[in-house]
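Here are my notes on this entry, set out as numbered points. Please read them with the structure open.

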Amino acid sequence: MQVQLTDITLRYAQQPVLAHLNFTVPDGELVALLGPSGSGKTTLLNLLAGLLTPSAGRLTFNGTDVTHQDPRQRHVGMVFQDYALYPHLNVLDNIAFPLKMAHVKRAVRREQAQTYAQLVHVDDQLTKFPRELSGGQQQRVALARALIKHPDLLLLDEPLSNLDAALRVELRDEIRRIQRLTGVTTLFVTHDQADALRIADRIIVLANRCVQQSGTGADLYRHPRNQFVAQFIGTPAINLLAVDTIRPFLNSQIPSDRLQSATTLGIRSEALQLAPLPPTTTTLGQLPATLTRQVLIGRDRQTSLATPAGSLLSTAIPTNFPAGQTIQLTVAASGSFLFAADGRCIWDGDADA
């Protein structure tokens, strides 16, 4: 099912919670709603489920206006952050509960519940109660209970936030697998970019009550629309320098009018490399740097550097230098961005250099 939001606004006591949201979720895609706490992600999910009604705007499912439609008519399945399983029902009965409410015959609903339990890999836990399950198992049961209704739209509200790191990785891959098998259009709310980048077809970045940018993870990383997106997407975080401090070390690759209009230069960690670079690589300039610390994190060597323009972090210096070593640092155009005072990206090293 295709979901479209047109100029959706929601106010509480005349204060905007969501403002002029416009985006489309294509049929069959898994889309992540990504943003910091308090950005309105769960509120947006409640709007889609029909638990809240927008103050203005239009919401359509497959072209049909559902803005004021009753939640029971929307064919939406929802998995909550705390799973919301019924403690007095075992796994089988928890999964089958939506069918019981729909007055499906007992034998039929039990058979379907077993099928969905197998889909989410809890078919060996059917007689257990929620208190006897791990967090990951509870999450799987909640997912099966949402899917058994054959929803046209599946909403997942921070489904991995209560899990430890290893289980989180396992479950997010499971969500991707199950979504691919069922083909149900899915919105997945998270504040963790790793979850969104790992499983989503498309990411919608939500902050300050509005959509900052939407696109694939690669698009958001390589072509951020503004400074917020550039800072929010990517690990480690992008380096940010005042243009006035870095200007003496830059060459003429950046048009002077863009440089004059910019207040901040953003540099991805991989764009800070040892000089000299191959002639085929477009560079913005060079500056001296003193190595202050190197840390090996998995395969990445993160190098902290002190420069005349400010502190920087690079992941593109493979050599193990001692602390205090002075090196010549090159800034590659690819992975560098200029931001105006209002945060807009006005020059993109990948697209404009």
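1. Start with helix α1, residues 41-49. The helix is mostly covered: eight of its nine residues are buried. Those eight are Lys41, Thr43, Leu44, Leu45, Asn46, Leu47, Leu48 and Ala49. An α-helix has 3.6 residues a turn, so residues three or four places apart point the same way. Just past α1 comes Gly50, with a positive phi of about 90°. Keep in mind throughout that this is a predicted model.

2. Next, the open sheet. Four strands make it up, in the order β2-β1-β4-β5, with antiparallel pairing. The edge strands are β2 (15-25) and β5 (64-65); each has a single partner strand, so one side of each has no neighbour in the sheet. Inside the sheet, β1 (residues 3-12) and β4 (residues 56-61) run antiparallel and are joined by five bridges. One of the residues to check is Val3, whose bridge partner in β4 is Phe61.

3. Strand β6, residues 76-79, is covered on both faces. Val76 and Met78 are buried on one side, Gly77 and Val79 on the other. The strand pairs with β7 (residues 153-157) in the parallel sense, over four bridges. Gly77 has Leu154 of β7 as its bridge partner.

4. The largest pocket has a volume of about 670 Å³. It is lined by 19 residues, and the closest to its centre are Val76, Gly77, Met78, Pro98 and Lys149. Three elements give two or more residues to the lining: β6, α2 (91-101) and α4 (135-147). What is the make-up of the lining of the largest pocket in nonpolar, polar and charged residues? The split is 14 nonpolar, two polar and three charged.

5. The largest nonpolar core holds 45 residues. Ile95, Leu143, Leu147, Ile175, Phe188 and Ile203 have the most contacts inside it. Helix α4 gives the largest share of this core, six residues. Leaving out residues up to four places away in sequence, Leu143 touches Val79, Val120, Leu154, Leu156, Ile175 and Ile178. Another core lies apart from this one, with 30 residues, including Ile254, Leu265, Ala309 and Leu312.

6. Backbone checks come next. Most residues other than glycine have a negative phi, and most peptide bonds are trans. Two histidines deserve a look. His103 is not a glycine, yet has a positive phi of about 65°. His103 sits in the loop between α2 and α3 (106-119) and is exposed, with a relative accessible area of 72%. His121 also has a positive phi, near 65°. Its place is the loop between α3 and α4. At 45% relative accessibility, His121 is partly exposed.

7. There are cis peptide bonds to inspect. One joins Thr235 and Pro236, with omega about -5°. Pro236 is in the loop between α8 (227-232) and β11 (239-242). Another joins Ala275 and Pro276, with omega about -5°. Pro276 is in the loop between β13 (272-274) and β14 (283-297).

8. Last, a glycine in a loop. Gly183 lies between α5 (165-182) and β8 (185-190). Is Gly183 buried or partly exposed? Its relative accessible area is 38%, so it counts as partly exposed; the buried class ends under 20% and the exposed class starts over 50%. The C-alpha atoms of Gly183 and Gly215 are separated by 20 Å, with the two positions 32 residues apart along the chain.

How values were computed. Residues are numbered from 1 along each chain as its sequence is written. This is a predicted model: local features need pLDDT of at least 70, side-chain atom pairs count only at pLDDT 80 or more; totals for chains, interfaces and linings use all residues. Side-chain values use heavy atoms; hydrogens and water are left out. Buried means under 20% relative accessible area, exposed over 50%, partly exposed in between (1.4 Å probe, protein chains only). Two strands pair if DSSP finds at least two bridges between them. On a 1 Å grid over the protein atoms alone, a cavity is a set of points where a 1.4 Å probe fits but cannot get out, and a pocket is an open set with protein on both sides within 12 Å along at least five of seven lines; lining residues have an atom within 4 Å of a point. Grid points are joined across faces, edges and corners, and a volume is the space filled by probe spheres set on the points. Ala, Val, Leu, Ile, Met, Phe, Trp, Tyr, Cys and Pro count as nonpolar, Asp, Glu, Lys and Arg as charged, and the others, Gly among them, as polar. A nonpolar core is a set of buried Ala, Val, Leu, Ile, Met, Phe, Trp, Tyr and Cys residues joined through side-chain atoms within 4.5 Å. Contact means heavy atoms within 4.5 Å.
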